[in-house]
Amino acid sequence: MNDEKWGDILDLIEQKFGVLEKNEEEIPIGDDFEDDKAREKVESVIFNGPLGKMKVQRITRPVILDKKVHYSKRIGAKTEVEITFSEEEFTQKIKVFKWDDIDREWVEVEAGGLRFA
C-alpha cells in the first residue's frame with residue numbers, strides 16, 4: 001500500500017465516521033536499538049465505526065535483505081543473528097482492530113469479518 005492509498009483510506013474514514021485520535025510512532029526492530037535503520041513506523045487512526053470503537057494501523061518496515069547466523073559448535077557458545085535491512089525498500093501492512101469493552105483491550109478483526117457496502 002502506497003502513501004496515496006493510505007491517504008485515501010484516512011479521508012474515507014474521516015468523511016464517514018470522523019476521527020477520534022491519530023497517532024504516529026517509530027519503534028525499534030529487534031534487539032539492536034542503536035541502529036537507526038532498524039525501525040518500523042506505526043500509524044494508527046481511532047474512530048467510531050460500524051462495529052463500535054475501531055482502530056486501523058499501517059505498519060511500515062524496511063525489507064530484510066539478508067540474515068546471517070553466527071554460531072559455534074562448542075557447548076555454551078552464543079548464537080547471533082545479523083540482519084541487513086534495505087534503506088530504500090519498505091513493506092507495509094494494514095491491521096484493523098475493534099475495542100472490546102469487557103476485556104478493555106484491542107482485538108484484531110480478521111479480514112473475512114469485514115464487509116464493505
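What share of the 117 residues in the protein is buried? It's 23%, so to speak our opening number for today. Before going on, a quick reminder that what you're looking at is a predicted model.

Okay, the overall layout. The protein has 1 helix and 5 strands. If you read along the sequence, the pattern goes α-β-β-β-β-β. And on contacts: take the ones between residues at least 6 apart in sequence, and 44% of those join residues at least 24 apart.

Now the sheet. The 5 strands make an open sheet, in the order E1-E2-E3-E4-E5, and the pairing is antiparallel. At the edges you have strand E1, residues 19-28, and strand E5, residues 105-108, each of them pairing on one side only. From one strand to the next, the twist averages 30°. As general background, strands of a sheet pair through backbone hydrogen bonds, either parallel or antiparallel.

Let's zoom in on E1 and E2. These two run antiparallel and are joined by 9 bridges. If you want a spot to orient yourselves, look for Pro28, which stands opposite Arg39 in E2.

On to the charges. How many salt bridges does a search of the whole structure find? The search turns up 5. Let me walk you through some of them.

Start with Glu24 and Lys41, whose side chains meet in a salt bridge at 3.6 Å, N to O. Glu24 is in strand E1 and Lys41 in strand E2, 17 residues apart, and the pair links distant parts of the chain. As for the surroundings, Glu24 counts as exposed, because its relative accessibility is 56%. Lys41 has a relative accessible area of 29%, so Lys41 is partly exposed.

Next, Glu26 and Arg39. They form a salt bridge too, with the closest N and O atoms 3.5 Å apart. Glu26 lies in strand E1 and Arg39 in strand E2, so this pair ties together parts that are 13 residues apart in sequence. Arg39, the residue that Pro28 stands opposite, is partly exposed, with a relative accessible area of 26%.

Then we come to Glu40, and I'd like to stay here for a moment. Glu40 sits in strand E2, residues 39-49. Buried or exposed? Glu40 counts as buried, because its relative accessibility is 16% and the cut-off for buried is under 20%. So who does Glu40 pair up with? Glu40 has a salt bridge with Arg61, and there the closest N and O atoms are 3.5 Å apart. Arg61 belongs to strand E3, residues 52-70, so the Glu40 and Arg61 pair ties together parts that are 21 residues apart in sequence. Arg61 itself counts as partly exposed, at 30% relative accessibility. Leaving aside neighbours within four places in sequence, Glu40 is in contact with Glu25, Glu26, Ile27, Ile29, Ile59, Thr60 and Arg61.

There's also a salt-bridge network to look at, and it links Asp3, Glu43 and Arg58.

Now for another acidic residue, Asp100, which is found in strand E4, residues 80-100. What is the nearest side chain of opposite charge to Asp100? That's Lys98, but it is 6.7 Å away, and Asp100 is buried yet has no salt bridge. For a salt bridge the nitrogen and oxygen have to be within 4 Å. What Asp100 does have is a polar side-chain atom 3.2 Å from the backbone nitrogen of Ile102. Not counting residues up to four places away in sequence, Asp100 touches Glu105 and Val107.

Last stop, Trp106, over in strand E5. Trp106 counts as partly exposed, at 24% relative accessibility. Not counting residues up to four places away in sequence, Trp106 touches Ile46, Lys53, Met54, Lys55, Phe97, Lys98 and Trp99. Take Lys55 from that list: Trp106 and Lys55 are 51 residues apart along the chain, and their C-alpha atoms are separated by 8.1 Å.

To wrap up, keep two acidic residues in mind: Glu40, with its salt bridge to Arg61, and Asp100, buried yet with no salt bridge. That's all from me.

How values were computed: Residues numbered from 1 in each chain as written. Predicted model: local features only at pLDDT ≥ 70, side-chain atom pairs only at ≥ 80, totals over all residues. Heavy atoms only, no water. Helix = DSSP H or I, 4+ residues; strand = E, 2+ residues; numbered from the N terminus. Buried < 20%, exposed > 50% of the residue type's maximum accessible area, 1.4 Å probe, protein only. Contact = heavy atoms within 4.5 Å. Lys, Arg positive; Asp, Glu negative; His and termini not counted. Polar contact = N/O pair within 3.5 Å; in protein donor to acceptor, adjacent residues only side chain to side chain. Pairing = 2+ DSSP bridges. Axes fitted to C-alpha atoms, helices over the stretch in contact; angles between N-to-C directions.
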